[in-house]
Amino acid sequence: MANAAPVEKLFTSTQPGRAMAERFVAGDTLDSAVDAARILNEAGFTVSLDLLGEEVTDVDSAGSAVDEYLSCLDRIESEELVANISIKPTQLGLAIEESLASEAIIRLGKRAAEIGTTVTIDMEDSRYTEATVRLFELGQTETANFGVALQSYMKRTPADLDRLIPLGGHIRLCKGAYVEPEEVAIQSKAIVDAAFERQMRTLMAAVTTTPAIATHDSKLLETARALASRRTAPFEFQMLYGVRSDVQRELVAAGFPLRVYLPFGSQWYPYLTRRLAERPSNAWFFARALLSGS
Ligand code: FDA
């Protein structure tokens, strides 16, 4: 789905396709994201604003993404939102030249520090893992207000945890959303779940980093809640906008800190395909809506 142009057109140019995107994306504009963030803040959630876009291949587009993120930080400040930003390295130019992404990281980290917030670096596919870890290290050296996502399915993640936990900031633990070869990633869901649990225990026992436990998995959440009740240092749960909103509300009502990952922007198709792959029934729902003409 991610690479088939006709399927992309079906999603982006039909009403059921756009309706499906609306479930997972705040809207096309920064204004729509700010509105959604305000509502989430009022309901007790913190937010991570994610400008959609990835795999940028020209320098101008990478520069525009940095400018848009700077506007995003301006709005977080002026609207007094309880929010940070999540960025994708390839949106900032990593696929063109690592130095472009490094410069962007430094600029965004400085502006985020001025307004007292943080920057989380999303983890993309395995071609970029090592460079993304280096960007996190750079950000922590420069302004010390960074976090990075690590994926439980990656075989290198236990070593990355050892490398990054001492650096402070925050580490978002997620299962991993890309199709990866066996050489680098665990293929069995049960083994990924077990790896997530082990890595979560490591993170929740660490005091030098702030763990961000990013899953909607009921069994893992149950274990996380037990670990959280024994933890005295900061931590948070993180979940995606539009996914298991009932569970999100339940966690906040029980007093747990929860950050909602809130994507916005017009480049939503690759993000949507990952959300559909995680739950194929979402795609069936879309297909039925398309066939019934609703
Ligand atoms: P799992 O896939 O086992 O789902 C558990 C349950 O959650 C399902 O049974 C279903 O009920 C519900 N669910 C999960 N996904 C759903 C969906 N799309 N629609 C409806 N229901 C759904 N990945 C990555 O590679 N790099 C990254 O930087 C990030 N960042 C990130 C941030 C945050 C805040 C979250 C929560 C997740 C990510 N991810 C990510 C995505 C992550 O790797 C993973 O693909 C998804 O979170 C799904 O995995 P779960 O842990 O939820 O478990």
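**Group meeting: the ligand site, two loop residues and helix 8**

Okay, let's start at the ligand: there are 26 residues around it, and K175, G176, K189, T215 and E278 come nearest. Before I go on, keep in mind that this is a predicted model.

So what does the shell look like by residue type? The 26 residues split into 10 charged, 10 nonpolar and 6 polar. As for where they sit, at least two shell residues each come from strand 4 (146-151), strand 5 (170-174), strand 7 (236-240) and helix 11 (269-278). Strand 7 gives the largest share, with 3 residues.

Now the polar contacts, since I know you'll want distances. G176 uses its backbone: an N or O atom there is 2.6 Å from an oxygen atom of the ligand. With K189 we're looking at the side chain, where an N or O atom lies 2.7 Å from a ligand oxygen. And R172 puts a polar side-chain atom 3.0 Å from a nitrogen atom of the ligand. How much of the ligand does the protein cover? On its own the ligand has 930 Å² of accessible area, and the protein covers 88% of that.

K189 takes us to the next stop, helix 8, which runs over residues 189-205. That's 17 residues, and from first C-alpha to last the helix reaches 24 Å, close to the 24 Å expected at 1.5 Å a residue. Which residues of helix 8 are buried? That would be V192, D193, A195, F196, Q199, M200, L203 and M204. Those buried residues cover an arc of only 160° around the axis, so they end up on the same side of helix 8. Flip to the other side and you find A190, R198 and A205 exposed.

Last thing: two backbone angles you may want to look at. E55 has a phi near 50°, a positive value, and it isn't a glycine. Where is E55? In the loop between strand 1 (46-51) and helix 4 (59-78). E55 is partly exposed, at 33% relative accessible area.

R244 is the other one: phi is near 50° there too, again a positive value in a residue other than glycine. R244 sits in the loop that goes from strand 7 to helix 10 (245-253), and strand 7, remember, is the one with the largest share of the ligand shell. R244 is also partly exposed, with a relative accessible area of 33%.

That's my tour; happy to pull up any of these on the screen.

Terms used
Residues are numbered from 1 along each chain as its sequence is written. This is a predicted model: local features need pLDDT of at least 70, side-chain atom pairs count only at pLDDT 80 or more; totals for chains, interfaces and linings use all residues. Side-chain values use heavy atoms; hydrogens and water are left out. A residue is near a molecule or strand if one of its heavy atoms lies within 4 Å of it. A polar contact is a pair of N or O atoms within 3.5 Å; within protein, one must be able to donate a hydrogen and the other to accept it, and residues adjacent in sequence count only if both atoms are side-chain atoms. Accessible areas come from the Shrake-Rupley method with a 1.4 Å probe; for residues, only the protein chains shown count as cover. Helices (H or I, at least four residues) and strands (E, at least two) are DSSP runs, numbered from the N terminus. Ala, Val, Leu, Ile, Met, Phe, Trp, Tyr, Cys and Pro count as nonpolar, Asp, Glu, Lys and Arg as charged, and the others, Gly among them, as polar. Buried means under 20% relative accessible area, exposed over 50%, partly exposed in between (1.4 Å probe, protein chains only). The expected span of a helix is 1.5 Å times one less than its number of residues. The arc is that of the directions from the helix axis to the C-beta atoms.
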